[in-house]
Amino acid sequence: MLMGIGAKFARGCTSGQGLSGGAVLNVGSWVFMLMVFLAAYALAYSVRRLWI
Amino acid sequence: MNAPFYKFGAFGDEFSLIVAVVIGILFGFFLERAGFGNGRKLAAQFYFRDMAVFKVMFSAIVTAMLGVFYLAWAGMLDIELVYVGTTYLYPQILGGALLGAGFILGGYCPGTSIVAVATGRLDAVMFGAGVFLGILVFGEAYPLFAGFMNGSNMGSITLPDFFSMSYGLVMLIIVLIAVGGFVGSEALEKRIGKKLSAS
C-alpha cells in the first residue's frame, strides 16, 4: 500500500522516475531517487529481522 | 531517420503500443535474469550485502543519459522533443520516502514486483495487491491533498538548468559519481556485508 501511495505522490515509480527521468537529468527524478534510497537505508536497520 | 520516432510520426498510436509491449517484455525478461525478481536480492542492497541494484540502476541511467546526449550530438535525436517530466518538489520528496519505506518492508519496487508475480512468487502477489490498494486509497483521498500535489511545481526542470551548469559537465559529474559509487559499493559489500552475515 505504501508503495502505491508513494508512487502516486511522486508521479512515477523506480523505473519511470528513476531510470527515465534520471537519464534526462530531471531534477524531480533525482530528488525522488535520493529519497527512496535514504528512506530505505534509514528503515533497513529497524526491519533487519525481515531479511537477515 | 530521426528520433524520437513517435513524435516525428514514424509510427502512429497503435504501433507505438506494440512497440511498448515488445520493450516491456524485454525489460521484464532482463530484470528477471538479473535476479531482480527476488525480493531478498533486492533487499540485500540495503544491508550492503549485494549492491547489484545500485549498480544496475546507475549503469542504466548512465547508458541512457550518454545515449540521449550522443544521439542528439550526432543529429539523430531532437533533444528538445524528449519528454522531461514535470518536477513537483514536495510531493516527490514524500513519494520517494514512502516508496523507499515500501521497498525495504516489501522487498520490491513496483516494477520488480510485477516481474516477481510473473514468476509466481506469492509474496509479490501480496505486494502487488497492496500496491493496487494503495493506489485506490490515494485515488479516493485525492481531493484532500490536491493542493499539495499541484503546489511546488517547478516545471520541466533539469539538473543543468537547476545548477546552471552545462549539460556536459553535469554528465561528467554523474559518470564520476557512478564509477566512484561502483568502486565504493564493492568495498562496502566486502566490509559491512561480511560483518552482517557473520553476526
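This briefing describes chain B of a predicted model, together with a pocket that chain A helps to line. Because the model is predicted, local features need pLDDT of at least 70 and side-chain atom pairs count only at pLDDT 80 or more, whereas totals for chains, interfaces and linings use all residues. Residues are numbered from 1 along each chain as its sequence is written, chains are lettered from A and ligands numbered from 1 in the order in which they are written, and side-chain values use heavy atoms, with hydrogens and water left out.

**Overall build of chain B**

- Chain B contains nine helices and zero strands, where helices (H or I, at least four residues) and strands (E, at least two) are DSSP runs numbered from the N terminus.
- Read from the N terminus, the order of elements is α-α-α-α-α-α-α-α-α.
- The C-alpha trace of chain B spans about 55 × 45 × 35 Å along its principal axes.
- Chain B has 199 residues, and 35% of them count as buried; buried means under 20% relative accessible area, exposed over 50%, and partly exposed in between (1.4 Å probe, protein chains only).
- About 11300 Å² of chain B is exposed, and carbon and sulfur atoms supply 72% of that area; accessible areas come from the Shrake-Rupley method with a 1.4 Å probe, and for residues only the protein chains shown count as cover.
- Of the contacts in chain B between residues at least 6 apart in sequence, 65% join residues at least 24 apart, a contact being heavy atoms within 4.5 Å.

**Salt bridges**

- Over all chains, the structure holds four salt bridges, each defined as a side-chain nitrogen of Lys or Arg within 4 Å of a carboxyl oxygen of Asp or Glu.
- One of them pairs B:Lys41 with B:Asp50, with the closest N and O atoms 2.9 Å apart. B:Lys41 is partly exposed at 24% relative accessibility, and B:Asp50 is partly exposed at 22%.
- Another joins the side chains of B:Lys55 and B:Glu186 at 2.9 Å, N to O. Because B:Lys55 lies in helix H3 and B:Glu186 in helix H9 of chain B, this pair ties together parts that are 131 residues apart in sequence.
- B:Glu189 and B:Lys55 also meet through their side chains in a salt bridge, at 3.8 Å from N to O. This pair likewise links helix H9 of chain B, which holds B:Glu189, to helix H3, which holds B:Lys55, across 134 residues.
- Through shared partners, B:Lys55, B:Glu186 and B:Glu189 are joined into one network.
- Within this network, B:Lys55 is buried, with a relative accessible area of 19%, whereas B:Glu186 is partly exposed at 38% and B:Glu189 is partly exposed at 23%.

**Helix H5 of chain B**

- Helix H5 covers residues 110-118 of chain B and includes B:Ser113.
- The buried residues of H5(B) are B:Pro110, B:Gly111, B:Thr112, B:Ser113, B:Val115 and B:Ala116.
- B:Ser113 has a relative accessibility of 2% and therefore counts as buried.
- Leaving aside residues up to four places away in sequence, B:Ser113 touches B:Tyr108, B:Ala124 and B:Phe127.
- After H5(B) comes B:Gly120, which has a positive phi near 85°.

**Nonpolar surface patch**

- A nonpolar patch on the surface is formed by B:Met154, B:Phe162, B:Phe163, B:Met165, B:Leu169, B:Leu172, B:Ile173, B:Leu176 and B:Ile177, with about 800 Å² of accessible area together.
- Patches are made of residues with over 30% relative accessible area and no salt bridge; like charges are joined within 9 Å, and nonpolar side chains (Val, Leu, Ile, Met, Phe, Trp, Tyr) within 5 Å.
- Helix H9 (residues 167-198) of chain B contributes the largest share of the patch, five residues.
- B:Phe162 belongs to helix H8 (residues 159-162) of chain B and is partly exposed, with a relative accessible area of 43%.

**Second largest pocket**

- The volume of the second largest pocket is about 660 Å³.
- Its lining comprises 27 residues, of which A:Trp30, A:Met33, A:Leu34, B:Phe58 and B:Ile177 lie nearest its centre.
- Helix H3 (27-44) of chain A and helices H3 (52-73), H8 and H9 of chain B each supply at least two lining residues. H3(A) gives the most, with eight residues.
- On a 1 Å grid over the protein atoms alone, a pocket is an open set of points where a 1.4 Å probe fits, with protein on both sides within 12 Å along at least five of seven lines; lining residues have an atom within 4 Å of a point. Grid points are joined across faces, edges and corners, and a volume is the space filled by probe spheres set on the points.
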